[in-house]
Amino acid sequence: LEKDTSLVQWVYMMLDLGFDEESIGKVCDFCEFSGFMPKGYSVHVSNLVGAIVKARSRNLTPEEVVLTIYTAADAVGVETNPKDLKRLLINVLKRSKTRRVR
């Protein structure tokens, strides 16, 4: 969960800093070239960026995006850590409540 959440958080941060999808893709390509990312990884991150851009346009939080990833994993039978999922759900519910109060 930590790795997946931090990657989603990183993409959100890059978008908040003004990077667009293409720029983030180029940063990922460089990271891969420099050995900061495993070979072939930048393509997957770039694909994730497009999904996150759409999610942000619908006001979804990073935790909500990670929750959709967990849901997909569950749908195809990949085993996930129930404690991580519980923590994620609690965070999503807390933020959801905070958004309604504002």
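Here are three short exercises on this structure, which is a predicted model.

**Exercise 1: Is the core shared out?**
Find which residues have the most contacts inside the largest nonpolar core, and which elements supply the core.

*Solution.* Start with the core itself: the largest one has 21 residues. Inside this core, the residues with the most contacts are Val8, Tyr12, Ile24, Val45, Ile52, Val65 and Leu88. Next, look at where the core residues come from: α1, α2, α3 (41-57), α4 (62-75) and α5 (82-101) each give two or more. α1 hands over the largest share, six residues. Now zoom in on Val45. Skip its neighbours within four places in sequence, and you'll find Val45 in contact with Leu7, Trp10, Cys28 and Met37.

**Exercise 2: Check the length of α4.**
Work out what span α4 should have, and compare that with the distance between its end C-alpha atoms.

*Solution.* Count the residues of α4: there are 14. The rule is 1.5 Å times one less than the number of residues, so α4 should span 20 Å. Its end C-alpha atoms are 20 Å apart, which agrees. While you're there, pick out the buried residues of α4: Pro62, Glu63, Glu64, Val65, Val66, Leu67, Tyr70 and Ala73. After α4 comes Gly77, with a positive phi near 85 degrees.

**Exercise 3: Place Phe19.**
Is Phe19 buried, partly exposed or exposed, and where does it sit?

*Solution.* First, locate Phe19: it's in the loop between α1 (2-16) and α2 (21-34). Then take its relative accessible area, 31%. Partly exposed covers the range between under 20% and over 50%, so Phe19 is partly exposed. Finally, look at its company: Phe19, Met13 and Leu17 make a nonpolar surface patch of about 280 Å².

How values were computed. Residues numbered from 1 in each chain as written. Predicted model: local features only at pLDDT ≥ 70, side-chain atom pairs only at ≥ 80, totals over all residues. Heavy atoms only, no water. Patch = residues over 30% accessible without salt bridge, like charges linked within 9 Å, V, L, I, M, F, W, Y side chains within 5 Å. Areas by Shrake-Rupley, 256 points an atom, 1.4 Å probe, with all protein chains shown as cover. Salt bridge = Lys/Arg side-chain N within 4 Å of Asp/Glu carboxyl O. Helix = DSSP H or I, 4+ residues; strand = E, 2+ residues; numbered from the N terminus. Buried < 20%, exposed > 50% of the residue type's maximum accessible area, 1.4 Å probe, protein only. Core = buried A, V, L, I, M, F, W, Y, C linked by side-chain atoms within 4.5 Å. Contact = heavy atoms within 4.5 Å.
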